[in-house]
Amino acid sequence: SPSSPPTGLLEKVFQYIDLHQDEFVQTLKEWVAVESDSVQPVLRLRRELLRMMGLAADRLRNLGAHVDLVDTGFQQLPDGQSLPIPPIILAELGNDPKKPTVCFYGHLDVQPARQEDGWVTDPHTLTEVDGKLYGRGTTDNKGPVLAWINAVSTFRALDEDLPVNIKFVIEGMEEAGSLALEELVQKEKAGFFSSVDYIVISDNLWISRRTPALTCGTRGNSYFMVEVKCRDQDFHSGTFGGILNEPMADLVALLGSLVDSSGRILIPGIYDHLAPVTEEEKRTYEAIDLDLEEYRNSSQVKKFLFDTKEELLMHLWRYPSLSIHGIEGAFHEPGAKTVIPGRVIGKFSIRLVPHMNISVVEKQVKQHLDYIFSKRNSSNQMTVSMTLGLHPWVANIRDNQYLAAKRAIKTVFGTEPDMIRDGSTIPIAKIFQGTIRKSVMMLPLGAVDDGEHSQKEKINRWNYIEGSKLFAAFFLEMAKLH
Ligand SMILES: Cn1cncc1C[C@H](NC(=O)CCN)C(=O)O
Ligand SMILES: [Zn+2]
Ligand SMILES: [Zn+2]
């Protein structure tokens with residue numbers, strides 16, 4: 001059915017957002033100018049992060065929100081140093097018991113970015129080219145956080161009553177693993193979060209460049225380190241080559257035993273506990289707006305492992321995958337050094353899906369590596385550890401907020417959303433759902449080609465501005481449903 005044009009208040013709200021879009025872009029520019037990198041643990045960048053959180057707190061206070069900057073202590077580094085963790089913002093605007101309370105989670109830290117890495121423009125100077133707003137953090141996650149703030153500020157500017165009570169959880173350590181956040185969520189379960197009815201996260205992307213999406217699930221992740229050690233120092237391959245079990249040879253064999261060339265994980269039992277594929281689920285893939293050729297070309301990949309939309313999406317979203325990330329201690333620089341590394345650590349992770357069990361996966365991985373290693377009769381020492389275990393997350397799409405979001409998308413974009421999952425992990429979603437037991441929704445704003453974590457990250461002006469409208473329309477739909 002065609003969408004009806006917005007009327008009354010909504011029309012006023014949309015007009016306001018259109019008229020003030022340059023101001024909204026200007027604020028994004030000011031936020032992108034702050035190099036709030038949480039990944040590199042250095043004091044200069046931590047100060048930038050603190051400044052970023054301060055800017056956001058000021059902006060929220062200007063909206064009339066009550067803002068708490070919660071102190072979260074220090075991050076202990078492996079070298080014994082410690083760095084301050086930026087405070088987590090807990091803010092609230094309105095506490096009318098007749099209205100639903102919607103809490104927005106977002107983060108203002110960003111991935112590292114240097115112009116030499118292959119940016120055409122300075123990553124910390126927001127630059128508009130053909131309607132694309134380039135800059136680190138534009139889509140992940142400063143743009144979406146500001147879109148939510150833009151939506152709230154529009155009601156305030158028009159002197160209109162906010163349709164819902166609003167809360168904010170904004171952190172500055174997401175890219176470093178959301179240090180301190182889980183603890184805060186647990187601590188505030190009976191406090192800040194007790195009045196929260198719904199949580200909205202906008203920290204992933206559509207699967208299309210034009211069709212908006214609603215995200216119904218994410219994969220989890222289990223991260224492994226496998227260390228092979230002969231001794232703590234390197235060897236010269238001229239003086240020791242030929243008489244040692246070399247750690248790299250052991251490690252390469254171990255890593256080479258994990259996955260075959262068709263992408264199938266070779267760890268026994270790993271596929272034993274997967275949610276079965278239903279006919280209903282199969283039908284959902286067909287409706288999704290994904291042009292395989294365009295996706296492949298824009299990703300600059302010659303060939304994917306799968307060539308139907310259904311298989312590709314299933315392997316991204318609902319099957320586990322194993323990726324090999326790197327080897328610590330290996331010689332990786334240019335040139336030809338004749339070294340035998342004495343101790344190396346291989347790093348890989350397995351993306352988890354319903355109904356996999358993290359500790360079962362951990363056991364299966366360890367058993368498999370023990371077996372492969374024992375067959376080599378190596379005199380080296382192997383140690384396997386799982387350093388991260390993040391659960392997959394599945395939405396309850398029958399919740400009111402999914403209905404409200406669908407209606408808001410229809411109003412703003414004139415279309416039904418793609419109902420998608422995401423292959424990566426937003427750990428806090430599962431924690432919100434598990435500890436405070438509230439409905440969680442992921443409502444992304446950015447397009448598939450935004451390049452989060454990559455060079456030339458951008459958000460389209462269109463996505464940013466229509467996204468601000470989407471959040472405003474969502475508030476009104478939520479109020480109607482309550
Ligand atoms: C840190 N980490 C280790 N295992 C998983 C993660 C989270 C990370 N999350 C994202 O990238 C958010 C995407 N919008 C990922 O999925 O790799
Ligand atoms: Zn993010
Ligand atoms: Zn990110």
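## Cysteines

C216 is buried, its relative accessible area being 13%. C230, by contrast, is partly exposed, at a relative accessible area of 31%. The structure is a predicted model, and the number of disulfides counted in it is zero. A disulfide would be a covalent bond joining the sulfur atoms of two cysteines.

## Zinc ion (ligand 2)

The zinc ion (ligand 2) is coordinated by H107 through NE2, by D140 through OD, and by D203 through two OD entries, at 2.0 to 2.6 Å. Along the chain, the donor residues of this ion are spaced H-x32-D-x62-D.

The angles among the four donor atoms of the zinc ion (ligand 2) run from 54 to 145°, and the site is classed as irregular. A tetrahedral assignment requires all angles to lie between 85 and 135 degrees; because the range at the zinc ion (ligand 2) extends from 54 to 145°, the site does not qualify as tetrahedral. For reference, the ideal angle for four tetrahedral donors is 109.5 degrees.

## Zinc ion (ligand 3)

For the zinc ion (ligand 3), the protein donors are OD of D140, OE of E175 (listed twice) and NE2 of H453, lying 2.0 to 2.6 Å from the metal. The spacing of these donors in sequence is D-x34-E-x277-H.

This site, too, is irregular, with angles of 55 to 143° among the four donor atoms of the zinc ion (ligand 3). The two metal sites are linked through D140, which bridges the zinc ion (ligand 2) and the zinc ion (ligand 3). The two ions lie 3.2 Å apart.

## Surroundings of ligand 1

The residues around ligand 1 are D203, N221, R351, L388, L390, S424, T425, E452 and H453. Sorted by class, this shell comprises two nonpolar, four polar and three charged residues. Two members of the shell also belong to the metal sites: D203 is a donor to the zinc ion (ligand 2), and H453 is a donor to the zinc ion (ligand 3).

## Polar contacts and coverage of ligand 1

Nitrogen atoms of ligand 1 take part in contacts with backbone and side-chain atoms of the protein. A polar backbone atom of D203 is 2.8 Å from a nitrogen atom of the ligand, and a polar backbone atom of T425 is likewise 2.8 Å from a ligand nitrogen atom. With N221, a polar side-chain atom is involved, at 2.9 Å from a nitrogen atom of ligand 1. On its own, ligand 1 has 420 Å² of accessible area, of which the protein covers 79%.

Conventions. Residues are numbered from 1 along each chain as its sequence is written. Chains are lettered from A and ligands numbered from 1 in the order in which they are written. This is a predicted model: local features need pLDDT of at least 70, side-chain atom pairs count only at pLDDT 80 or more; totals for chains, interfaces and linings use all residues. Side-chain values use heavy atoms; hydrogens and water are left out. A disulfide is a pair of cysteine sulfur atoms within 2.5 Å. Buried means under 20% relative accessible area, exposed over 50%, partly exposed in between (1.4 Å probe, protein chains only). A residue is near a molecule or strand if one of its heavy atoms lies within 4 Å of it. A polar contact is a pair of N or O atoms within 3.5 Å; within protein, one must be able to donate a hydrogen and the other to accept it, and residues adjacent in sequence count only if both atoms are side-chain atoms. Accessible areas come from the Shrake-Rupley method with a 1.4 Å probe; for residues, only the protein chains shown count as cover. Ala, Val, Leu, Ile, Met, Phe, Trp, Tyr, Cys and Pro count as nonpolar, Asp, Glu, Lys and Arg as charged, and the others, Gly among them, as polar. Donors are N, O and S atoms within 2.8 Å of the metal (3.2 Å for Na, K and Ca); water is not among the atoms, so sites may look incomplete. Four donors count as tetrahedral if all angles lie between 85 and 135 degrees; four count as square planar and six as octahedral if opposite donors are over 155 degrees apart and all others between 65 and 115; anything else is irregular.
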